[in-house]
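Student: Please show me the model, and then let us go through its contacts, its core and its enclosed space.

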Amino acid sequence: MQVKVDKDVCGGHGDCIMTAPEVFDFVGEDDVVSVLISEPPEKLQGSVREACEVCPTGAISVSE
């Protein structure tokens with residue numbers, strides 16, 4: 001699994017951070033989410049998929 005966040009689309013809502021804090025967090029002062037682990041291990045992939053679904057702006061993309 002490969003995870004990406006489109007920083008131009010991210011609204012900084014933080015829903016992904018609440019869902020998968022091991023993978024997403026705010027880094028820097030730009031109020032957009034960053035990916036901490038771009039290729040998360042299998043044990044985190046379910047929460048990453050859920051984070052992708054709950055993102056209100058659709059900024060998260062996942063490729064298998």
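Student: Which residues does Val33 touch, not counting residues up to four places away in sequence?

Tutor: This is a predicted model, in which local features need pLDDT of at least 70 and side-chain atom pairs count only at pLDDT 80 or more, while totals for chains, interfaces and linings use all residues. Residues are numbered from 1 along each chain as its sequence is written, and side-chain values use heavy atoms, with hydrogens and water left out. Taking contact as heavy atoms within 4.5 Å, and leaving out residues up to four places away in sequence, Val33 touches Val5, Lys7, Cys10, Cys16, Ile17, Phe24, Asp25 and Phe26.

Student: Which element gives the most residues to the largest nonpolar core?

Tutor: A nonpolar core is a set of buried Ala, Val, Leu, Ile, Met, Phe, Trp, Tyr and Cys residues joined through side-chain atoms within 4.5 Å, where buried means under 20% relative accessible area, exposed over 50% and partly exposed in between (1.4 Å probe, protein chains only). Of the 17 residues in the largest such core, Val5, Cys16, Phe24, Val33 and Ile60 touch the most other members. Strand E1 (2-5), helix H1 (15-19) and H2 are the elements that give two or more residues to this core, with helices (H or I, at least four residues) and strands (E, at least two) taken as DSSP runs numbered from the N terminus. The greatest contribution, 3 residues, comes from H2.

Student: Is Ser47 buried or exposed?

Tutor: Ser47 is found in helix H2, and it touches Thr19 and Ala20 when residues up to four places away in sequence are not counted. Because its relative accessible area is 19%, Ser47 counts as buried.

Student: Which residue does the side chain of Arg49 meet in a salt bridge?

Tutor: A salt bridge is a side-chain nitrogen of Lys or Arg within 4 Å of a carboxyl oxygen of Asp or Glu, and by this rule the count comes to 1. At 35% relative accessibility Arg49 counts as partly exposed, whereas its partner, at 69%, is exposed. The N to O distance is 3.0 Å, and the partner of Arg49 is Glu64.

Student: How much space lies in the largest cavity?

Tutor: On a 1 Å grid over the protein atoms alone, a cavity is a set of points where a 1.4 Å probe fits but cannot get out, and lining residues have an atom within 4 Å of a point. Of the 14 lining residues, the closest to the centre of the largest cavity are Cys10, Gly14, Cys16, Val33 and Cys55. The space in this cavity is about 90 Å³.

Conventions:
1 Å grid on protein atoms, 1.4 Å probe; cavity = no way out; pocket = protein on both sides within 12 Å on 5 of 7 lines; lining within 4 Å. Points joined across faces, edges and corners; volume = space filled by probe spheres on them.
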